[in-house]
Amino acid sequence: MQRSPRVRDKLEMLVPPMPWDRPRWRDTGGPTVVLLHGLWRGWHAMEPLARVLRREGFSTLNLPYPSTRLPIPELTTFVSGEVARISDHRPVHFVTHSLGGILVRSMIAKPQPWRCGRIVMLAPPNHGSEIVDWSRQHSSVRRFLGPAGCSLGSDGVVNELPDLPADSETAVIMGRRCTLPFFKHLLEEDNDGIVSASRGRIRNLRGFSVIDADHTFIQMHPDAIRMIPGFLRTGTLPGPDS
């Protein structure tokens, strides 16, 4: 039986990271977009969205990084170096998922060899993760999270990051569909099963939206797919129904 494109995309997104994963740079001649996955994910998690963006005329760097093995400062150094390889003096836009948004915030807090363009963060724990706070009582969970994941608590690395620059063109899209009830008691009423929607909002955003999406697949939700290219082009976040 032939699977629908939507089902195939979801199955692809669940492919785990592999040691041999490498950056996937596809130059269409259009504006550059770097895609950064979240914790315990790999480039496959962002590839369906990368294909959408290429059809919209963007060049894409779908960048895997060792999310569970290194602390955030080392991850940001790694990611920044890979971005510098393809920047070619053009503005570099970012679309991030979860932890990926924290990495971008960490990078733009310091001078970089490339020029940052517009940023769309999907489900970022910008004010820390209640799940990471809870994990302090569970050593086995913290081993699973790794050094970067463990630093995402409410009093962790997010408290050390400055506000977005006043001239930053950044939008945040959060989800409110909880498909992982195990953590529901830790989260606020509006949540995506992993992050409470309110924890994505930070100062100096150009757009903020909460859509009916869960944490795992928010990057391929129809509303997100409509909103992301629009913001990357104009710096204005379209409404979910536009």
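**Exercise 1.** Among contacts in the protein chain between residues at least 6 apart in sequence, what percentage join residues at least 24 apart?

*Solution.* The model is predicted. Take the contacts between residues at least 6 apart in sequence; 73% of them join residues at least 24 apart.

**Exercise 2.** Describe the fold pattern and judge the compactness of the chain.

*Solution.* Start with the elements: the chain has seven helices and seven strands. Along the sequence they run α-β-β-α-β-α-β-α-β-α-α-β-β-α. Next, compare sizes. The radius of gyration is 17 Å, and the globule rule gives 18 Å for 242 residues. These values are close, so the chain is as compact as a globular protein of that length. The C-alpha trace spans about 50 × 50 × 35 Å along its principal axes.

**Exercise 3.** Locate the largest nonpolar core and its best-connected members.

*Solution.* Begin with burial: 53% of the 242 residues are buried. The largest nonpolar core holds 35 residues. V34, L36, I72, V79, F94, L99 and I102 touch the most other members. Now map the core onto elements. Those giving two or more residues include β2 (32-36), α3 (72-87), β4 (92-97) and α4 (99-108). Then zoom in on V34. Beyond its neighbours within four places in sequence, V34 contacts L61, L63, V83, I86, V92, H93, F94 and V95. Another core, of 26 residues, lies apart from the largest one; L35, V52, V120 and L122 are among its members.

**Exercise 4.** Characterise the surface and the charges.

*Solution.* The accessible surface comes to about 11,300 Å². Carbon and sulfur atoms account for 53% of that area. For charge, count 30 positive and 24 negative. Their mean positions are 4 Å apart.

Technical notes. Residues are numbered from 1 along each chain as its sequence is written. This is a predicted model: local features need pLDDT of at least 70, side-chain atom pairs count only at pLDDT 80 or more; totals for chains, interfaces and linings use all residues. Side-chain values use heavy atoms; hydrogens and water are left out. A nonpolar core is a set of buried Ala, Val, Leu, Ile, Met, Phe, Trp, Tyr and Cys residues joined through side-chain atoms within 4.5 Å. Buried means under 20% relative accessible area, exposed over 50%, partly exposed in between (1.4 Å probe, protein chains only). Helices (H or I, at least four residues) and strands (E, at least two) are DSSP runs, numbered from the N terminus. Contact means heavy atoms within 4.5 Å. The radius of gyration is taken over C-alpha atoms; the globule rule is 2.2 Å times the number of residues to the power 0.38. Accessible areas come from the Shrake-Rupley method with a 1.4 Å probe; for residues, only the protein chains shown count as cover. Lys and Arg count as positive and Asp and Glu as negative; His and the chain ends are not counted. The place of a charge is taken as NZ of Lys, CZ of Arg, CG of Asp or CD of Glu.
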